[in-house]
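Colleague: Please take me through the salt bridges in this model. I would like a close look at each pair, then a word on the nonpolar cores.

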Amino acid sequence: MFVYGASKKALRQKDVAKQIGLSTSTYMSYEDVNRECYPVEVLKKIATFYEVNETELMDEYHLFLYRGQSLQLKKLINDSKLTQKAVAKKLNVHAKTVAAWESGKVRMSKSMYIKIFEDNILSQS
């Protein structure tokens with residue numbers, strides 16, 4: 001995720017990690033594109049170090065979380081004219097899970113985000 005910034009500044013991972021107060025292994029885990037969640041406070045430190053906005057370090061899934069999962073999901077469900085129960089059935093989850101996502105009590109997984117927003121499963125018959 002942050003490799004470009006490190007190479008642009010000609011720094012090794014351990015140098016960047018030291019500058020922002022993380023262990024090298026923790027910093028390296030943030031470079032993994034398959035990582036589920038990045039703590040915003042750590043992203044802000046990294047963004048400050050690279051002199052960019054933290055949103056420039058985020059992929060679409062992390063932007064979704066950052067911008068408010070519940071509001072975006074509520075809008076999508078409302079626009080789809082489906083009930084929580086119907087959404088749950090399409091996603092093969094319990095309706096309480098959908099309600100927890102909508103309320104922001106539970107963070108949606110990246111794989112479920114992809115199913116909903118990239119594979120557009122809610123718009124399929």
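Modeller: The salt bridges come first, then the cores.

This is a predicted model, where local features need pLDDT of at least 70, side-chain atom pairs count only at pLDDT 80 or more, and totals for chains, interfaces and linings use all residues. Residues are numbered from 1 along each chain as its sequence is written, and side-chain values use heavy atoms, with hydrogens and water left out.

The structure holds three salt bridges. The term means a side-chain nitrogen of Lys or Arg within 4 Å of a carboxyl oxygen of Asp or Glu.

Take Asp59 and Lys110. Their side chains meet at 2.8 Å, N to O. Asp59 sits in the loop between helix H4 (40-50) and helix H5 (60-66), and Lys110 sits in helix H9 (residues 110-118), so the pair ties together parts that are 51 residues apart in sequence. Helices here are DSSP runs of H or I, at least four residues, numbered from the N terminus. Lys110 is buried, at 14% relative accessible area. Asp59 is partly exposed, at 27%. The cut-offs: buried is under 20% relative accessible area, exposed is over 50%, and partly exposed is in between (1.4 Å probe, protein chains only).

Next, Lys75 and Asp79. Their closest N and O atoms are 2.6 Å apart. Both residues belong to helix H6; they are four residues apart, which means a separation of about one helical turn. Lys75 is exposed, at 52% relative accessibility. Asp79 is partly exposed, at 46%.

Helix H6 (residues 69-80) also holds Ser70. Ser70 counts as buried because its relative accessibility is 18%. Leaving aside residues up to four places away in sequence, Ser70 touches Trp101, Glu102, Ser103 and Gly104. Contact means heavy atoms within 4.5 Å.

The remaining pair is Arg12 with Asp15, at 3.2 Å, N to O. Arg12 is exposed, at 51% relative accessibility. Asp15 is partly exposed, at 25%.

Now the cores. A nonpolar core is a set of buried Ala, Val, Leu, Ile, Met, Phe, Trp, Tyr and Cys residues joined through side-chain atoms within 4.5 Å. The largest has 16 residues, and Val16, Ile20 and Tyr50 are among those with the most contacts inside it. Helix H2 (13-20), helix H3 (24-30) and H4 each give two or more residues to this core. H4 supplies the largest share, six residues. Ile20 touches Tyr27, Lys45, Ile46 and Phe49, not counting residues up to four places away in sequence. A second, separate core has 15 residues, including Phe64, Val87, Ala88 and Leu91.
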